[in-house]
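Trainee: I should like a close look at a single part of this model, namely its salt bridges. Please describe how the charged side chains are paired and where the partners sit.

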Amino acid sequence: RNRYDAPEDDLLVDVRATLEELERGGLLELRETQATSPPVMKFVTGVEDTPYFHWQLAILFESLVGKLPVGWEPVVVICNDGRAVSDRLRQILSVYHVRHHLSADHPTRQVMDFSDGDDRYAPLNNIEALRAVAADLRDDDLVCLMDTDVFLYEGLRPDIFPAGNAVAENWIVREDRYFAFGGPGAGVDLRQLLSAIGCVRPFQPGGVTVFLTGETVRNTKVIQDCFRFTQVLFLLGKILGVPKVWTAHMASFTLSLTANNVDYTVLSLPELSTGNAGDEQISPGVWYHYYHDVADGGHGAFAGSAWCKQQFYHRDLLAEDLTGFAANARTSHERYFFELAQRAQRRLDA
């Protein structure tokens with residue numbers, strides 16, 4: 001710090017990367033100094049190689065700089081079916097020292113509803129991410145499967161993370177009938193669905209942010225059934241004519257765990273809840289999920305904000321002048337979001 005004129009966050013990234021490289025070479029061993037260490041956490045996400053995921057990944061990584069305990073790391077699965085990785089994505093992964101895997105691109109390969117003939121269900125690639133990382137996990141590692149439109153608001157709270165299989169509480173999965181937003185009486189009774197296939201284990205609703213042990217991720221049947229339940233719910237949603245059938249995958253993880261008799265808990269924590277989207281104020285340590293969008297006919301990602309992430313579906317947000325967005329931010333976490341974006345811009349430009 002005394003010798004180099006660089007931001008402390010940058011130094012932390014480089015020092016951590018150097019130490020981990022030395023550990024991989026067998027020259028040292030990294031371990032926590034505390035008596036009991038939490039499981040090593042891998043923050044895993046499956047992405048397509050497009051601008052929409054590029055800028056979201058960079059902002060997520062920027063929010064983690066200097067905050068993760070030893071051994072904790074983000075891991076990206078690029079679902080590209082062997083196609084060349086873009087220079088931009090390679091740059092982002094290199095600058096933030098993020099490991100990645102290459103894997104299948106299910107939305108391009110398969111349609112969910114062959115009777116309709118044309119659909120592209122991107123969430124399949126998040127399930128594929130679990131399959132891709134399985135071989136690299138130890139039994140006591142913990143995978144946190146997450147979306148890319150998330151960032152850590154201020155400091156990390158390691159104490160909120162589970163030690164085993166768990167899901168965050170989610171109101172959509174908790175509804176008496178899944179897809180209930182399709183209209184009065186619409187929806188699928190998930191408990192009855194499990195009962196229909198002979199499952200007697202009680203169903204615990206949760207989803208979106210999912211924690212699985214390495215042992216569970218390596219259970220091929222569990223991951224395959226996540227795919228299967230997603231397709232079942234997608235097709236049932238199509239039969240019901242619900243407008244938001246893209247939520248089909250959200251319940252698949254708990255359905256698969258229940259059907260395969262795997263223990264898990266449901267976490268009722270504000271730090272991991274999607275219910276904080278649009279709040280005027282959130283607390284430090286929240287993993288803020290900015291999935292709301294005015295382009296979907298709802299309120300924006302941040303309370304009172306006109307910023308629209310769908311505007312940057314085909315454009316790289318980090319290639320834009322963000323001064324105006326930052327100046328017009330209405331809440332502290334929206335200001336923090338654009339502060340992260342501007343820091344990511346500077347880091348990548350450097």
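Mentor: The following account deals with the salt bridges and their surroundings. This is a predicted model, in which local features need pLDDT of at least 70 and side-chain atom pairs count only at pLDDT 80 or more, while totals for chains, interfaces and linings use all residues. Residues are numbered from 1 along each chain as its sequence is written, and side-chain values use heavy atoms, with hydrogens and water left out.

Side chains of opposite charge can pair when their charged atoms come close. The structure holds 22 salt bridges (a side-chain nitrogen of Lys or Arg within 4 Å of a carboxyl oxygen of Asp or Glu). One of these joins glutamate 62 to arginine 343, with the closest N and O atoms 3.4 Å apart. Because glutamate 62 belongs to helix α2 (residues 51-64) and arginine 343 to helix α12 (residues 332-349), the pair ties together parts that are 281 residues apart in sequence; helices are DSSP runs of H or I with at least four residues, strands runs of E with at least two, numbered from the N terminus. Both glutamate 62 and arginine 343 are buried (under 20% relative accessible area; exposed is over 50%, partly exposed in between, with a 1.4 Å probe and protein chains only).

Arginine 120 and aspartate 105 also meet in a salt bridge, at 3.9 Å from N to O. Arginine 120 is partly exposed at 46% relative accessibility, whereas aspartate 105 is buried at 1%. A further salt bridge links arginine 138 with aspartate 141, the closest N and O atoms being 3.2 Å apart; aspartate 141 is buried, at 4% relative accessibility. Finally, salt bridges connect Lys42, Glu73, Arg99 and Asp136 in a network.
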